[in-house]
Structure formats: C-alpha cells, structure tokens
Amino acid sequence: MASVKASTPAALLVLTLLSGCAGVLPVKQTESGAKVVESGPAAQDDLAGSTGGVFLPQQAYDAQGKKIPYVPAPNPYTRQPAPVPPEARTDFADAMALMKDGDLRMARKGFWAMTKDFPELSGPWVKLAELAEQREKPEKAREYYQKALAVNPVNVNAYLKQAMFERRQGEFAKARDAYLAALKTWNDFPEAHLNLAILYDLYMNRPEEAQPHYEAYDFLTGGSDPKVADWLIEIRRRTGIETSFIDNPPPEPEVPDEQGAEGEAVSAGATNGDSPETEEQG
C-alpha cells in the first residue's frame with residue numbers, strides 16, 4: 001500500500017454501513033483523523049489469541065491444480081428471515097431524519113421509543129450508542145452497543161461500529177476484539193478485515209498481523225480497490241513476508257528425469273548379475 005503515515009487521508013477509513021435494522025437503507029460513515037500510534041502488545045484473550053491466520057478465506061485447488069472458484073459465506077445478518085415491520089421502518093427513518101437535522105434530543109426519544117415498541121430490533125440501540133458518543137458518554141455508548149448485540153448477536157454492523165467507537169476512544173484492544181467478533185460471526189466480512197488491518201497497521205504498529213487481513217479484503221473484493229492493492233504491496237515490503245496467507249497453489253508434479261530413469265534401468269540390470277555395457281567392452 002502507499003506509504004502509511006500519520007497524514008494518511010481520512011478516506012482510508014470510509015466505509016459503507018447498514019443502518020442497524022435489516023432492510024433499512026445503508027448509511028455511510030466516515031472515519032477521520034488516522035494516526036500512527038506505537039503501543040506495546042495488546043492483552044490477548046481467547047478470541048484474539050493468534051490472529052495472523054484466524055478467520056481468513058482460503059483458495060482451494062482441484063486434483064489437477066486448478067483454482068476452485070471461492071464462494072464467500074453469506075452475511076448472516078441480512079439473511080435473517082424475520083422482516084422489519086413497516087411501522088418500524090417509518091419510525092426509524094423519522095428518527096434518522098431528526099438525527100441528520102441535528103435535533104439529537106428528539107432523535108434520541110424516537111430511538112428510545114423504538115426499543116420499547118420493537119424490542120426485537122437491534123438498530124435503535126446502535127443509534128442510541130452513536131448519540132451517547134456524541135454526548136461524550138462513552139460508558140453509555142458501550143452499554144447500548146452491548147444491548148444491540150444482546151438483541152441480535154449476528155448484527156455484524158453493530159460489531160463494526162462498536163469497534164470503530166472503541167478505536168476512537170483509544171481502546172485498541174477492545175476495538176480489535178470487536179472486529180474479531182464480527183469475523184467470528186461472518187468470516188468473509190470484507191470491511192471487518194480491512195478495518196482490522198488498519199487498526200493493526202496504523203494504531204497498534206503490528207504490520208505482520210495487519211498483512212493477512214489486507215490480503216483477505218483484497219481477495220474477497222476481487223482486487224477491485226487499487227488503493228488496497230497498493231497498501232498490500234507496501235506492507236509486504238515492510239514485513240518481508242511475500243508468501244500468501246490465502247492463496248498457495250499445490251506444488252507442481254515432478255517430471256521424471258530421462259537420464260535418471262535410464263540410470264535406474266542400468267542399475268537394475270547390474271543387480272541381476274549383468275555387467276553394465278561400457279565403451280571398453282565394445
């Protein structure tokens with residue numbers, strides 16, 4: 001990737017996120033102010049034990065050594081069968097409009113009402129967490145993210161937003177754990193791979209752990225983002241790791257050496273008591 005410095009553009013962290021309720025229109029969120037932060041190794045837990053090869057897609061090959069097309073796992077959040085009631089869509093859109101217009105108090109009231117009227121939906125809790133962060137109440141934000149994930153443990157977008165919140169709070173280990181939780185829920189979540197890579201690279205100074213997740217994002221998106229492809233090239237130069245974490249073709253079949261084969265035949269003849277022919281024998 002192009003040289004990663006403290007001046008890395010804010011566009012590095014721009015992601016398209018779903019709004020937190022299945023079926024509601026997507027909302028774009030921009031992450032800014034990326035800085036390189038050197039820190040000691042983060043505390044490891046069971047989930048984050050060895051992240052270099054955890055939750056990575058793997059390219060398979062058939063018996064002839066040809067690539068088998070990779071089929072990403074579907075997003076479990078968007079495949080949930082229960083539809084969002086039309087009334088909930090309307091209430092959510094109204095609260096979102098208030099939030100966009102800066103009427104945070106009324107927006108908060110709207111989302112609170114939704115948690116009572118539609119307790120099966122996690123999206124209102126996600127939005128309450130965002131509002132709590134804007135009000136500089138990080139503990140409340142953490143509480144609301146946890147409630148969102150208690151309501152819907154497969155809301156991968158809630159994990160993503162929770163991780164970005166923790167990163168903004170400087171809680172890099174907690175951010176890492178939230179990204180890993182998202183990937184545990186959906187291994188093939190491209191944005192979780194990318195954001196985890198950025199976290200390791202820019203904030204935790206751990207490029208060796210970032211590299212597999214940059215590669216995973218590039219693989220899952222079919223190399224469609226040239227910036228990420230450049231970042232991957234750049235981080236390989238820094239780590240010195242050129243071997244792929246995802247795509248390792250089987251070894252080429254060995255071609256028998258003709259001279260070696262003839263030599264083996266001669267040796268076999270010699271073991272039968274025959275003297276191998278030489279120029280001296282004529």
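A helix here is a DSSP run of H or I that covers at least four residues, and helices are numbered from the N terminus. Keep that in mind for the legends below, which all show a predicted model.

**Figure 1. The whole chain, before we zoom in.** The chain has 10 helices and four strands. Walk along from the N terminus and you meet the elements in the order β-β-β-β-α-α-α-α-α-α-α-α-α-α. Of the 282 residues in the chain, 42% are buried. What the chain does expose comes to about 15,400 Å², and carbon and sulfur atoms supply 53% of that area. How much of the contact list joins residues at least 24 apart? Counting contacts between residues at least 6 apart in sequence, the share is 64%.

**Figure 2. A negative patch on the surface, with helix α1 in the lead.** Four residues form this negative surface patch: Glu87, Asp91, Asp94 and Asp117. Which helix gives the most to the patch? That's helix α1, residues 86-100, which puts in three residues. Asp91 is one of the patch members, and you can find Asp91 in helix α1. Asp91 has a relative accessible area of 31%, so it counts as partly exposed.

**Figure 3. Three charged residues joined in a network.** Side chains of opposite charge can pair when their charged atoms come close. Here, salt bridges link Lys127, Glu130 and Lys161 into a network. Start with Glu130 and Lys127, whose closest N and O atoms are 3.4 Å apart. Why is there about one helical turn between these two? Because Glu130 and Lys127 sit three residues apart in helix α3. Buried or exposed, these two partners? Both Glu130 and Lys127 are buried.

Now look at the other link, where Lys161 forms a salt bridge with Glu130 and the closest N and O atoms are 2.6 Å apart. This pair ties together distant parts of the chain: Lys161 belongs to helix α5 (residues 156-168), Glu130 belongs to helix α3, and they are 31 residues apart. Lys161 is buried, just as Glu130 is.

**Figure 4. Another salt bridge between buried residues.** Arg206 and Glu209 form a salt bridge here, with 2.7 Å between the closest N and O atoms. Arg206 is buried, and Glu209 is buried too. How many salt bridges does a search of the whole structure find? The search turns up 13.

**Figure 5. His193 and the residues around it.** His193 sits in helix α7, which spans residues 190-203. With a relative accessibility of 0%, His193 counts as buried. So who touches His193, leaving aside its neighbours within four places in sequence? The contacts are Phe55, Leu56, Pro57, Leu183, Asn187, His213, Ala216, Tyr217 and Leu220. Phe55, one of these contacts, comes back in the next view.

**Figure 6. Two residues with a positive phi.** Most residues other than glycine have a negative phi. Phe55 isn't a glycine, yet its phi is positive, at about 65°. Look for Phe55 in the loop between β2 (27-31) and β3 (60-61). Buried or exposed, then? Phe55 has 17% relative accessibility, and since buried means under 20%, Phe55 counts as buried.

Glu136 also has a positive phi, near 60°, and is a residue other than glycine. Glu136 lies in the loop between α3 (123-134) and α4 (138-151). Unlike the buried Phe55, Glu136 is exposed, with a relative accessible area of 71%.

**Figure 7. Far along the chain, but only some ångströms from Gln64.** This view takes in the loop between α9 (226-239) and α10 (258-271), where you can spot Glu252. Glu252 has 71% relative accessibility, so it counts as exposed. How far is Glu252 from Gln64, in sequence and in space? The two are 188 residues apart in sequence and 9.8 Å apart in space, C-alpha to C-alpha.

Pro253 is found in the loop between α9 and α10 as well. Pro253 is exposed, with a relative accessible area of 65%. Between Pro253 and Gln64 there are 9.7 Å in space, C-alpha to C-alpha, although they are 189 residues apart in sequence.

Conventions: Residues are numbered from 1 along each chain as its sequence is written. This is a predicted model: local features need pLDDT of at least 70, side-chain atom pairs count only at pLDDT 80 or more; totals for chains, interfaces and linings use all residues. Side-chain values use heavy atoms; hydrogens and water are left out. Buried means under 20% relative accessible area, exposed over 50%, partly exposed in between (1.4 Å probe, protein chains only). Contact means heavy atoms within 4.5 Å. Accessible areas come from the Shrake-Rupley method with a 1.4 Å probe; for residues, only the protein chains shown count as cover. A salt bridge is a side-chain nitrogen of Lys or Arg within 4 Å of a carboxyl oxygen of Asp or Glu. Patches are made of residues with over 30% relative accessible area and no salt bridge: like charges are joined within 9 Å, nonpolar side chains (Val, Leu, Ile, Met, Phe, Trp, Tyr) within 5 Å. Lys and Arg count as positive and Asp and Glu as negative; His and the chain ends are not counted. The place of a charge is taken as NZ of Lys, CZ of Arg, CG of Asp or CD of Glu.
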